[in-house]
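Me: Please choose a single part of this structure and look at it closely with me, in one connected answer. I am in my first year, so I would like each term explained when it comes up.

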Amino acid sequence: MALFTFSGGVHPADGKEFAKNSPITEYLPKGDVVLPLGQHIGAPAQPIVSKGDQVLVGQKVAEAGGFVSANIFSSVSGTVKAIEPRMTPAGAKVNSIVIENDGEFKEAAFEAKPYDQMSKDDVLAAIKEAGIVGLGGAGFPTHVKLAPKDPDAIEYIIVNGAECEPYITADYRRMLEYTEDLVSGMKVILSLFPNARGVFAVEDNKKDCIEKLQKAVAGEPRIDVKALMTKYPQGAERQLIYAVTKRAINSTMLPADAGCIVDNVETLIGIHNAVIKGKPLMERVVTVSGDAVEKPGNFMAPFGINHRELVEAAGGLKAEPQKLISGGPMMGFAMVTMDAPVTKTSSSILLFKEDVVAKSLETACINCGRCVEICPSRIIPSRLADFSKRKDEASFVAWNGLECVECGSCSYVCPAKRQLKQAIGSMRKTALANRKKK
């Protein structure tokens with residue numbers, strides 16, 4: 001079977017053996033939950049509850065603050081304790097709704113209009129109401145993504161099942177354990193785009209997922225399963241689109257410009273729950289892994305639960321970690337504390353005995369060219385990092401620095417241990433901000 005891929009990339013040790021064989025475990029919070037109002041790209045949600053209000057599981061507590069925004073729902077029943085700034089996994093303080101958990105988990109009533117009676121507008125409205133965003137990490141509101149200017153021009157709905165980041169196995173378990181819900185979510189999206197084919201794109205190190213999905217879509221004329229070469233960053237949006245369709249996009253384009261829409265596995269299951277069950281987005285699967293964790297696993301984590309609770313659910317620590325990471329070790333970010341809530345974009349918490357990066361001594365570039373050889377965007381990371389350090393934005397842009405996808409492959413292979421991704425990412429954010437101003 002031919003494998004779909006892209007140019008460049010690396011093969012880091014995947015570390016998936018820690019949690020890969022751990023089925024998803026339901027976990028209910030014991031303590032308070034903290035719901036940041038900015039869990040998505042765009043305007044923060046606006047609270048519609050006040051201190052002292054009683055809330056139920058699945059009750060809307062904050063409404064979208066604009067077109068590009070998303071509703072937020074309570075994941076527990078209890079009392080609104082405060083609306084105040086609280087720390088997020090990224091270390092920022094964000095206005096948040098704090099709910100005192102009564103431990104009873106009394107649910108609001110969920111209602112769904114029969115799917116066969118729903119129009120396209122009804123489907124989009126249900127997705128918007130449920131507060132669904134891109135759960136692969138970007139957090140872009142899904143109802144906006146599914147409403148491109150020309151729906152008839154969309155030819156591919158690509159489900160990102162690559163999960164190429166080391167250690168994370170949440171999507172892997174979702175594909176294995178929730179296959180029917182995943183396929184249902186695909187059918188819902190395909191109903192919005194009459195000219196599109198659905199593609200489940202899965203790396204070939206997940207052969208059991210590929211086989212299960214192939215059986216599930218047998219007889220579905222508009223849905224394919226494609227095996228991707230196992231390589232990082234196979235799951236990056238631009239690389240995934242190229243691997244599946246051989247269509248290239250750049251920093252000035254959206255996937256829709258290439259006739260594609262890309263969604264994460266977890267997002268599709270959220271779409272199924274919203275449209276078929278009338279259930280809002282209140283939880284997601286989170287991987288707890290790393291060599292400092294006693295029993296790594298995958299947990300169905302209600303939003304707002306403290307990361308420390310999840311680590312305790314995984315048996316606690318077997319060693320004091322020097323490094324905490326939210327997301328994957330390549331594109332995730334370091335956490336300063338476990339005392340931060342799980343949000344819509346929290347795919348994992350990784351805990352490591354040693355901080356290998358902090359112990360690495362950075363030296364001068366030796367011009368070996370390895371960063372150029374593996375760069376999936378075909379740019380020159382070492383030179384772009386130099387432009388960044390000199391704050392030379394004009395040269396950075398001229399040398400295509402905006403095309404970086406910040407995958408971290410360059411930093412990974414650099415024998416001089418230069419923090420290339422961090423330098424490029426910093427200048428890239430500045431340049432993108434300045435481009436928006438213009």
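Reply: Glu403 and Arg238 form a salt bridge, with their closest N and O atoms 3.3 Å apart; the term stands for a side-chain nitrogen of Lys or Arg within 4 Å of a carboxyl oxygen of Asp or Glu. Arg238 belongs to helix α6, whereas Glu403 lies in the loop between α11 and α12, so this pair ties together parts of the chain that are 165 residues apart in sequence. Before going further, please keep in mind that this is a predicted model, in which local features need pLDDT of at least 70 and side-chain atom pairs count only at pLDDT 80 or more, while totals for chains, interfaces and linings use all residues. Residues are numbered from 1 along each chain as its sequence is written, and side-chain values use heavy atoms, with hydrogens and water left out.

Glu403 and Arg238 are both buried, a word that here means under 20% relative accessible area, with exposed meaning over 50% and partly exposed in between (1.4 Å probe, protein chains only). The names of helices and strands come from DSSP runs numbered from the N terminus, where a helix is H or I over at least four residues and a strand is E over at least two.

Which residues of α6 are buried? Besides Arg238, they are Gln239, Leu240, Ile241, Ala243, Val244 and Thr245. That makes 7 of the 9 residues of the helix, which runs over residues 237-245, so α6 is largely enclosed by the rest of the structure. The surroundings can be named as well, since the buried residues of α6 pack against the strands β9 (156-161), β10 (197-203), β11 (223-228) and β12 (260-264), and also against helix α13 (420-437); contact here means heavy atoms within 4.5 Å.

At the end of the helix, Lys246 follows just after α6 and takes a positive phi of about 65 degrees. The charged end of Lys246 sits over the ring of Tyr242, 5.2 Å from its centre, which satisfies a rule asking for NZ of Lys or CZ of Arg within 6 Å of the ring centre and within 35 degrees of the ring normal. A second arrangement of this kind involves Lys231, which lies over the face of Phe6 at 4.5 Å from the ring centre.

Two of the strands that α6 packs against, β10 and β11, can be followed through a salt bridge of their own. The side chains of Arg197 and Asp224 meet there at 2.9 Å, N to O. Because Arg197 lies in β10 and Asp224 in β11, the pair ties together parts that are 27 residues apart in sequence. Arg197 is partly exposed, with a relative accessible area of 32%, and Asp224 is also partly exposed, with 25%. In the whole structure there are 22 salt bridges.

The loop after β9 leads from charges to aromatic rings. A search of the whole structure finds 3 aromatic pairs, where rings of Phe, Tyr and Trp (its six-membered ring) pair if their centres lie within 6.5 Å, and where planes under 30 degrees apart count as stacked, over 60 as edge-to-face and the rest as tilted. One of them joins Tyr167 and Phe352, an edge-to-face pair at 5.0 Å centre to centre with 75 degrees between the planes. Tyr167 lies in the loop between β9 and α3 (170-177) and Phe352 in strand β17 (residues 348-352), so the pair ties together parts that are 185 residues apart in sequence. Tyr167 counts as buried at 17% relative accessibility, and so does Phe352 at 11%. Another pair is made by Phe387 and Trp399, whose ring centres are 6.0 Å apart and whose planes stand at 55 degrees, so this pair is tilted. Phe387 lies in helix α10 (residues 381-389) and Trp399 in the loop between α11 (393-398) and α12 (409-413), 12 residues apart. That returns us to the loop of Glu403, the partner of Arg238 in α6. Within the tilted pair, Phe387 is buried, with a relative accessible area of 7%, whereas Trp399 counts as partly exposed at 37%.
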